[in-house]
Amino acid sequence: MSRTPEIFEDLRRVGALKRDRLGGRPSDNTLSKSPSPTVSRDTVGVWLRGGRLPQQVEPLLAVMREIRAEAARQGCLEDSADRGSGESVADLLAEGRWKESWKAEQRRRGQAARQGVERHQAHKALEDGERRARQAALRDRPRPVRSWSLQRLGVHEAIPGRRADPDSTGFIVPTYVPRPHDDRLRARLAGAVGEEAASLLVVVRGESCTGKTRTAAEALKAAVPDDFKLLLPAGADDLLAALAADALGPRSVLWLNEAQDYLDGPAGEAVAAALLRRLDADGPFVVIATLWPDHDDTFTATPVSSADDPHRQARVLLAQAHYAHVPDSFAGALNAARRAADHDASLAAALEAGGAHLTQTLAAGPDLVTHYEHPAGTHGIYGKALLSAAMDAHRVGVTQPLPLDFLCDAAPGYLTDGERAAADPDTWFTGALAHAQTLIKQITRPLLNVSRSSGMGALPGVVRLADYLQQHGRRTRWHLCPPASFWDAAAEHITAPEDLTRLANDAKIRLRYRHAAQLYCAVADRGHPFALVPLARMREAAGDREAAERLFRAAADRGDTTALVILARMREHSGDRTEAEQLAQAAADRGHPSALGYLARMREHAGDKAEAERLAHAAADRGHPSALLYSALMREAVGDHEGAEQMYRAAADRGYPFALVPLALMRDLAGDQEEVERLAHAVTESGDPSALLSLARMREHAGDKAEAERLAHAAAEGGDTSALLSLVQIREEARDKAEAERLAHAAAERGDTSALVFLAGTREAAEGRKEAERMYRAAADGGDASALLSLALRREAAGDQREAERLAQAAADRGHPSALVHLALMREKAGDRAEAERLAHAAADRGHPSALVHLALMREKAGARAEAERLAHAAADRGHPSALVDLAVVWEKAGVRAEAERMYRAAADRGDNSALLSLARRREKAGDRAEAERLAHAAADRGHSPALGYLAELRHGVVEDYQRYGLEADGTLAASWAWPEPRCIASDAP
């Protein structure tokens, strides 16, 4: 909506009059009490900054009457309102003027609204026609929820049981036995299907065959109305097409069973970004996804660096999901299952098998593992080799169906020499495949046929591994490197470039550099030159700069503009600036987003300001105004203030309002206060919170407290919750304690109590515990659970154990993640070990296994070594194997070396490869050089690259050679080998 300038400009004039001529009187707080109904002081402040107009005229008139009365008291009604306007203060504050201005604005808004409705109706009619055309072209379309069967939604068929009808050929689904997570999931869905409900993403997380899909399907049936429509896309591309066609409107459900199939791979990030956009749109709309824990952990893991962040959009997407965690057992629901089993043959059979893992038994999961682990018959051992190769393929990156030729060529590496010699070359594969496709419990097979995406029958020449065996392989074979036959067969028969790339990356991580290079070549030879870049990086790391440049050039010649920028940087580092600029220009000509900015930087360094400026403007035109900002900073650094100001203004004009801040600082230093005010006004108009906050800090340090606070409040209104905290910190450092506290409370009223917590911490050191506790309690009253925990720790330090535990429990009840940890330690110190352990396990279940680690170390200190080890293993079970290392270090210091070594080995078995290297160094120190070498070799075999350098030290080898050639597939140190050359660039060679 466009604003008429008069009323909003007049509001700003009145605000300036009150601030400058009337000394800030009446205060916004006083004015907020004059309108009826009463409004907040912040709202009045927004009015007088021209930021908003009240919905009713009377509150506005009441504010103007109060300001007019104050102007009369100060005797300035007849003074000029401001320079150049020709109006008096009385004219500006006249009630009739404001009535007419307010009415004019309402008329303008009404007219704009009518025009907007008309435009919207015309636009919507056009959009509806286009949407219908797009939706008609979709392969997958939404259908009513109730038209989807459990089988079609992906629910596993169950074992039939002894009492089942032997002639039955239907899809067997056992009676559903609800567990506590079902109620929570159904309640969440029920709240998401109302008319005013916002869009919702729920993720049902659990291991394979734990009942994730059935849980989701039963919740769908129980909570989602019949008139909702559901879409089940065949793959990521189909989902993107449906979202692009706007096929998922309100009152629809998107079903993403095995969500990793949509979020991984080349289209995964596009899918995540598109889903985020749809979740921001109108509801009710529900996405129901199922996900294995290891996939979820992969997608949500924080990257080591922003440059290596393959799942950034997926991480953002899943961060806003509501999770339902499906346990892997029915330990708490066995009685209900037994009652249902009285009338259900499948459940009865699962219960007869024993144990609480009913869903796995129902899906024949344990039977699949037994069939794999204990092969029988002449061809059993060869069938196991096929399954091992299939497991390894899935766990190291293959997502597509597995070619039978790949399994055939990979299998020999999984057999002994004797087993290979005994095989009939003409029949072994046929028999092995028959064993690997044995029907288990009448419902599933280890290797399954792959149905065609359209039409009837199975795809020829490919199979897929049963889900349960995929997960079994991930769990039991994670530390094993596939044999050479596996990597060679993959390079020959795997065709999907994304799968081959993942395989190459995995081989590289495992230090199998020869196989990684071979696989990158295979990707490039299949028409995907992007693989030339990681291959070139390997050559560069190996010290072969010439080969690296040749590969980068080959990638660039095939359209990879990133390779051109890399080459440019290499040439620049070599001192060849002319070639570097030519390459960067070529990248820019081909549309690389940052190449123009890079070129501008090089020209700026070379002193060619005119060309640098031209390039920076060109980069800004392509959406990179930061190039202008960089040029401004460089010019300011060399004293070219006029040039710097010019570039700052250009950056601001291109939508980079933060550039106004250093510009304002420059004008402030030059004494141009009128321009500083104008720039501050421009920053306010931009609404950029970070720019507002930076300007607020600048005005605070300049002594303009009123303006600093105004800007900080504007930043807070713009969404920067740290704005008032920054202002509090500045006021506290200036010893303006009353003002700091006032602002901290203002921030708390907005829902941000961090300023109160900050004051508590700083005042504790200066004024003592009593003053700190007052601040902490104020923050706690504002809902800050961390303040409660801080109070608890202080009461504990003061000896008030009961109050400390009460406060810690209150923090835990409010969801503070580490409050349970501290509670557990408090109960341990009090001697209540059972309660301490219960709390530590509860903390671990909420994602804080460190509670178990602390408890283990406390038990060790108390002499309860067996208890300490049990708790450390419990922490390791929850993904914290370093707990075992922590205990090993304590035992080693205590002189219990054999026990310490056992803990190091246990940590390594749980995936902490650095523990093996630590143990190797300890064995070397003890004089056992052979064992040190063996352990270092084992660490390297698992992909721990520092172990290669340590091995070189032990063997007196050249570290560079070890790190250049890596390991062979069998884990032995590789001798020198010739780098493979991509066939696709053979013609490029001179």
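**Exercise 1. Determine the strand order of the six-stranded open sheet and state which strands stand at its edges.**

Step 1. The open sheet of six strands follows the order β1-β3-β4-β5-β2-β6, and its pairing is mixed. Strands here are DSSP runs (E, at least two residues) and helices are runs of H or I with at least four residues, both numbered from the N terminus; two strands pair if DSSP finds at least two bridges between them.

Step 2. β1 (143-144) and β6 (322-325) each have a single partner strand, so one side of each is left without a neighbour in the sheet; these are the edges.

Step 3. The following conventions apply to this predicted model: local features need pLDDT of at least 70, side-chain atom pairs count only at pLDDT 80 or more, and totals for chains, interfaces and linings use all residues. Residues are numbered from 1 along each chain as its sequence is written, and side-chain values use heavy atoms, with hydrogens and water left out.

**Exercise 2. Describe the pairing and the burial of strand β4.**

Step 1. With strand β3 (residues 229-231), β4 pairs in the parallel sense over three bridges. Lysine 229 has serine 252 of β4 as its bridge partner.

Step 2. With strand β5 (residues 285-291), β4 (residues 252-256) again pairs in the parallel sense, over five bridges. Serine 252 is bridged to phenylalanine 285 of β5, and valine 253 to valine 286.

Step 3. Five of the five residues of β4 are buried, where buried means under 20% relative accessible area with a 1.4 Å probe, protein chains only. Ser252, Leu254 and Leu256 cover one side, and Val253 and Trp255 the other.

Step 4. β3, helix α10 (residues 236-244) and β4 form a right-handed β-α-β unit: with the strands pointing away from the viewer, the path from the first strand over the helix to the second runs clockwise.

**Exercise 3. Analyse the hairpin of β8 and β9.**

Step 1. Strand β8 (residues 447-451) and strand β9 (residues 458-465) run antiparallel and are joined by four bridges. One bridge sets serine 451 opposite alanine 458 in β9.

Step 2. Six residues lie between the strands, and glycine 455 of this hairpin takes a positive phi near 85 degrees.

**Exercise 4. Classify the ring pair of tyrosine 965 and tryptophan 977, and locate both residues.**

Step 1. The structure holds six aromatic pairs; rings of Phe, Tyr and Trp (its six-membered ring) pair if their centres lie within 6.5 Å, and planes under 30 degrees apart count as stacked, over 60 as edge-to-face and the rest as tilted.

Step 2. The ring centres of tyrosine 965 and tryptophan 977 are 5.9 Å apart and the planes stand at 70 degrees, so the pair is edge-to-face.

Step 3. Tyrosine 965 belongs to helix α54 (residues 959-965), whereas tryptophan 977 lies in the segment after α54, 12 residues apart. Both residues are buried.

**Exercise 5. Identify the aromatic ring over which arginine 143 lies, and that over which arginine 179 lies.**

Step 1. A charge sits over a ring if NZ of Lys or CZ of Arg is within 6 Å of the ring centre and within 35 degrees of the ring normal.

Step 2. Arginine 143 lies over the face of tryptophan 148, at 3.9 Å from the ring centre. Arginine 179 lies over the face of phenylalanine 330, at 3.8 Å from the ring centre.

Methods. Buried means under 20% relative accessible area, exposed over 50%, partly exposed in between (1.4 Å probe, protein chains only).
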